[in-house]
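This briefing covers selected residues, pockets and salt bridges of one chain. Keep the sequence and the model open while reading.

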Amino acid sequence: DERYGNGIEFHASDAENIEISDNIIRNVYDVAFTIQGDTGSGKDILVHDNVFVNNAQDSEIWEGSAAAGVHNYQFYNNLSVNQGHGWGYDARPDQDAAAHILFYEYYPATADIGFHHNFVYNPRRIYAIKPSMESFFTGNSVRADDNIYWMAEDARIFNYIYPAWEKDDFIAWAHKEK
């Protein structure tokens, strides 16, 4: 029995000059919006003023080794509710990716990705990122600032570590959400 599905997906393509706004995307098994694939790129992509509810993730970026990278991707002014708590979480065999933001893979040399001014309520975790990608995430290619998070006590900021009360430790380590 196979289950899968994304809300809005750009797969193995050159996604350029795209604006996703004023939508309600809910109850998606996997991710609400994604740029992914072993090839392709993303350039000048704005995802803003949307409502995301009960999806496994809100945003996923997955760029394989032959992909050209993601540049000027801005995810802002969105309202997110219950990411990682929808039906897809219970149905999926791999539950490690349930989060507001997922970076599955990223091999290109450069990126310009920003998450800012989002309101996120009750995520299972904020960031799900493979351990091999931690240096990419903590570097200057990914910015995250001025977001507001309301989290349950069992939620985590990054993968399975950093509960909400350790936010200062996360900020010092990741250089995000200052």
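Serine 59 counts as buried because its relative accessibility is 1%, below the 20% limit for that class. The model is predicted, and the values below are computed from it. The bullet points start with serine 59 and then turn to the pockets, the salt bridges and two loop residues.

**Serine 59**

- Serine 59 belongs to strand β7, which runs over residues 57-63.
- The side chain of serine 59 makes a polar contact of 2.8 Å with the side chain of tyrosine 73.
- With residues up to four places away in sequence not counted, serine 59 touches Val31, Phe33, Tyr73, Phe75, His100, Ile101, Leu102 and Phe115.
- Tyr73 is thus named twice for serine 59, as a residue it touches and as its partner in the polar contact.

**Largest pocket**

- The largest pocket holds about 380 Å³ of space.
- Its lining consists of 18 residues, and those closest to the centre are Asp94, Ala97, Leu102, Tyr104 and Lys130.
- Two or more lining residues come from each of β7, β10 (99-106) and β13 (125-129).
- Strand β7, which contains serine 59, gives the most to this lining, with 3 residues.
- By class, the lining has 8 nonpolar, 4 polar and 6 charged residues.
- Leu102, one of the residues closest to the pocket centre, is also among the residues that serine 59 touches.

**Second largest pocket**

- The second largest pocket holds about 180 Å³ of space.
- Its lining is made up of Ile126, Tyr149, Met151, Ile157, Ala164, Lys167, Phe170, Ile171 and Glu177.
- Helix α3, residues 167-174, gives the most to this lining, with 3 residues.
- The class counts here are 7 nonpolar, no polar and 2 charged residues.

**Salt bridges**

- The whole structure has 4 salt bridges, and three of them are described here: lysine 130 with glutamate 105, arginine 143 with aspartate 112, and lysine 167 with aspartate 168.
- In the salt bridge between lysine 130 and glutamate 105, the closest N and O atoms are 3.7 Å apart.
- Lysine 130 sits in the loop between β13 and α2 (134-138) and glutamate 105 in strand β10, so this pair ties together parts that are 25 residues apart in sequence.
- Lysine 130 is partly exposed at 30% relative accessibility, whereas glutamate 105 is buried at 17%.
- Lysine 130 appears under the largest pocket as well, among the residues closest to its centre.
- Arginine 143 and aspartate 112 form a salt bridge through their side chains, with an N to O distance of 2.7 Å.
- This pair links distant parts of the chain, 31 residues apart: arginine 143 is in strand β14 (residues 142-145) and aspartate 112 in strand β11 (residues 112-116).
- Arginine 143 counts as partly exposed at 33% relative accessibility, and aspartate 112 counts as partly exposed at 28%.
- The side chains of lysine 167 and aspartate 168 form a salt bridge with an N to O distance of 3.0 Å.
- Lysine 167 is partly exposed at 45% relative accessibility, while aspartate 168 is exposed, with a relative accessible area of 52%.
- Lysine 167 also lines the second largest pocket.

**Serine 141**

- Serine 141 is placed in the loop between α2 and β14.
- With a relative accessibility of 18%, serine 141 counts as buried.
- Its contacts, leaving aside neighbours within four places in sequence, are Ala111, Asp112, Ile113 and Phe136.
- Among these contacts, Asp112 is the salt-bridge partner of arginine 143.

**Alanine 155**

- Alanine 155 lies in the loop between β15 (148-150) and β16 (156-158).
- Its relative accessibility is 2%, so alanine 155 counts as buried.
- With residues up to four places away in sequence not counted, alanine 155 touches Pro123, Arg124, Pro163 and Ala164.
- Ala164, touched by alanine 155, is one of the residues that line the second largest pocket.
- From C-alpha to C-alpha, alanine 155 and alanine 99 are 9.7 Å apart in space, with their positions 56 residues apart in sequence counted as separation.

Notes. Residues are numbered from 1 along each chain as its sequence is written. This is a predicted model: local features need pLDDT of at least 70, side-chain atom pairs count only at pLDDT 80 or more; totals for chains, interfaces and linings use all residues. Side-chain values use heavy atoms; hydrogens and water are left out. Helices (H or I, at least four residues) and strands (E, at least two) are DSSP runs, numbered from the N terminus. Buried means under 20% relative accessible area, exposed over 50%, partly exposed in between (1.4 Å probe, protein chains only). Contact means heavy atoms within 4.5 Å. A polar contact is a pair of N or O atoms within 3.5 Å; within protein, one must be able to donate a hydrogen and the other to accept it, and residues adjacent in sequence count only if both atoms are side-chain atoms. On a 1 Å grid over the protein atoms alone, a cavity is a set of points where a 1.4 Å probe fits but cannot get out, and a pocket is an open set with protein on both sides within 12 Å along at least five of seven lines; lining residues have an atom within 4 Å of a point. Grid points are joined across faces, edges and corners, and a volume is the space filled by probe spheres set on the points. Ala, Val, Leu, Ile, Met, Phe, Trp, Tyr, Cys and Pro count as nonpolar, Asp, Glu, Lys and Arg as charged, and the others, Gly among them, as polar.
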